[in-house]
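User: I would like a close look at a single part of this structure. Please explain it in terms that a first-year student can follow.

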Amino acid sequence: MKIRAHEIPEEGKDYALRVKGKTANRYFSLLKNSDFQALTDVTGNVKVWEQDGMIIVEGDVRVDLRLTCGRCLSRFRYPVAQHFRSIYSPFYQTCQEEDLELKPYDMDVSIYNGEELDLDNVLYEQIFLGIPAQALCSPNCKGLCPVCGANLNEGLCHCEAPPAYSPFGVLKKLKLKG
Ligand SMILES: [Zn+2]
Ligand SMILES: [Zn+2]
């Protein structure tokens, strides 16, 4: 949903947002290295207000994602429930006011075109931030056997190598191959 900056009432406005999972996935698929998918619709409840030309969006976003485990490569369901507060500074203002205290490269200030802001994109952005850098199916995930590639969560394989996740196991495999 797009909102126009000059139409935001002074007291702010609440929005209940819902984006179809399919629509979100179409967006996610355009991104580089996006190895995740929405399993549910994306929902958001946000309050939007305007302050000195900046748009402030605060609220919650929820979606269940399907992620790939960084150790065993299995797919698992990961619920995202983020509370956030984002500040959008208009493009022209960030260009003109060099001394502006809030610079666009400050962590939580983004840029918008000064006219309208797409709240769906705000939600997508927050979903990315809600994905852990190394996603694991479980904190105790045993990973794959470095020799035979078996998923060690499903039981031990019969390799001689210690089943612990270790980079040396991978080296050993490479040597055997060479
Ligand atoms: Zn795993
Ligand atoms: Zn093995």
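Analyst: The following account concerns the metal sites and a glycine beside them in sequence.

This is a predicted model, in which local features need pLDDT of at least 70, side-chain atom pairs count only at pLDDT 80 or more, and totals for chains, interfaces and linings use all residues. Residues are numbered from 1 along each chain as its sequence is written, chains are lettered from A and ligands numbered from 1 in the order in which they are written, and side-chain values use heavy atoms, with hydrogens and water left out.

The zinc ion (ligand 1) is held by the SG atoms of C69, C72, C137 and C141, at 2.3 to 2.4 Å. Donors are N, O and S atoms within 2.8 Å of the metal (3.2 Å for Na, K and Ca); as water is not among the atoms, sites may look incomplete. The angles among the 4 donor atoms run from 107 to 115°, and the site is tetrahedral (four donors with all angles between 85 and 135 degrees). Along the chain, the donor spacing is C-x2-C-x64-C-x3-C.

The zinc ion (ligand 2) is coordinated by C145 (SG), C148 (SG), C157 (SG) and C159 (SG), at 2.3 Å. This site is also tetrahedral, with angles of 103 to 112°, and its donor residues follow the pattern C-x2-C-x8-C-x1-C.

C69 is buried, at 1% relative accessibility, whereas C137 is partly exposed at 30%. Buried means under 20% relative accessible area, exposed over 50%, and partly exposed in between (1.4 Å probe, protein chains only). C148 is partly exposed at 43%, and G149 is partly exposed at 36%. The C-alpha atoms of G149 and C72 are 9.0 Å apart, although 77 residues separate them along the chain.

Definitions and conventions:
Four donors count as tetrahedral if all angles lie between 85 and 135 degrees; four count as square planar and six as octahedral if opposite donors are over 155 degrees apart and all others between 65 and 115; anything else is irregular.
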